[in-house]
Amino acid sequence: MSLNARLEPVLYLFAGLFGVAGVALAALAAHGGGEANLAASASAMCLAHAPALLALALGNVRLRTAWLAGLLMIVGTLLFAGDLATLRFTSSSLFPYAAPTGGWAMMLGWLAVAAGAVLRIRP
């Protein structure tokens with residue numbers, strides 16, 4: 001069993017979790033007061049990466065780098081959105097540079113998707 005196939009359920013899981021978190025954070029940004037910009041930014045990242053993870057799960061047989069892209073996007077979104085949500089609720093960060101580290105991980109995940117065009121699996 002390929003690494004892509006083994007990671008497929010994880011991609012579906014986080015697609016769903018990021019989807020629900022994105023909607024909840026959007027509602028918080030709209031109705032929760034406080035530093036709504038933090039919740040809105042976290043929501044945007046969750047809602048942008050949920051369908052990307054779903055697409056990676058569905059296309060894992062054609063994209064050799066799906067496992068790497070998915071893991072980077074999961075870790076990146078957790079760090080970025082998690083840091084912003086933690087900052088919103090506790091006024092402190094997860095750890096120094098957590099959000100930028102997450103941002104870099106997400107960007108590397110998208111580069112892994114692009115690398116999949118070159119390293120694609122031939123039918």
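Is Y97 buried or exposed? Y97 is exposed, because its relative accessible area is 65%. The legends below start with the whole chain and then come back to this residue; please keep in mind that the model is predicted.

**View 1. The whole chain is built from four helices and zero strands.**
Follow the sequence from its start and you will meet the pattern α-α-α-α. The C-alpha trace spans about 50 × 25 × 20 Å along its principal axes. For 123 residues, a compact globule would have a radius of gyration near 14 Å, and the chain, at 15 Å, agrees with that. Buried residues make up 39% of the 123. If we take the contacts between residues at least 6 apart in sequence, 71% of them join residues at least 24 apart. The chain exposes about 6,600 Å², and 74% of this area is supplied by carbon and sulfur atoms.

**View 2. N4 sits in helix α1, which covers residues 3-31.**
Zoom in on this asparagine and its surroundings. N4 counts as buried because its relative accessibility is 7%, and the cut-off for buried is under 20%. A polar atom of the N4 side chain lies 2.9 Å from the backbone nitrogen of W67. W67 also appears among the contacts of N4, together with N60, L63, R64 and A66, once neighbours within four places in sequence are left aside.

**View 3. Y12, L54 and L58 make a nonpolar surface patch of about 280 Å².**
Here we stay with helix α1, where Y12 is found. Y12 has a relative accessibility of 32%, so this tyrosine counts as partly exposed. L54 and L58 are its partners in the patch, and both leucines can be picked out in the same close-up.

**View 4. T77 is found in helix α3.**
How accessible is T77, and is it buried or exposed? T77 counts as buried because its relative accessibility is 1%. Which residues does T77 touch, not counting residues up to four places away in sequence? They are F18, M45, C46, H49, G82 and M106.

**View 5. G32 lies in the loop between α1 and α2, the latter running over residues 36-58.**
G32 counts as partly exposed, because its relative accessibility is 35%. With neighbours within four places in sequence left aside, G32 is in contact with A27 and R88.

**View 6. S91 and Y97 belong to the loop between α3 and α4.**
This last view returns to the residue of the opening question. Most residues other than glycine have a negative phi. S91 is not a glycine, yet has a positive phi of about 65 degrees. Y97, also a residue other than glycine, has a positive phi near 65 degrees. The loop that holds S91 lies between α3, residues 66-90, and α4, residues 98-118. Why does S91 count as exposed? The reason is its relative accessible area of 65%, since exposed means over 50%. Y97 is likewise exposed, with a relative accessible area of 65%.

Terms used
Residues numbered from 1 in each chain as written. Predicted model: local features only at pLDDT ≥ 70, side-chain atom pairs only at ≥ 80, totals over all residues. Heavy atoms only, no water. Helix = DSSP H or I, 4+ residues; strand = E, 2+ residues; numbered from the N terminus. Rg over C-alpha atoms; globule rule 2.2 N^0.38 Å. Buried < 20%, exposed > 50% of the residue type's maximum accessible area, 1.4 Å probe, protein only. Contact = heavy atoms within 4.5 Å. Areas by Shrake-Rupley, 256 points an atom, 1.4 Å probe, with all protein chains shown as cover. Polar contact = N/O pair within 3.5 Å; in protein donor to acceptor, adjacent residues only side chain to side chain. Patch = residues over 30% accessible without salt bridge, like charges linked within 9 Å, V, L, I, M, F, W, Y side chains within 5 Å. Salt bridge = Lys/Arg side-chain N within 4 Å of Asp/Glu carboxyl O.
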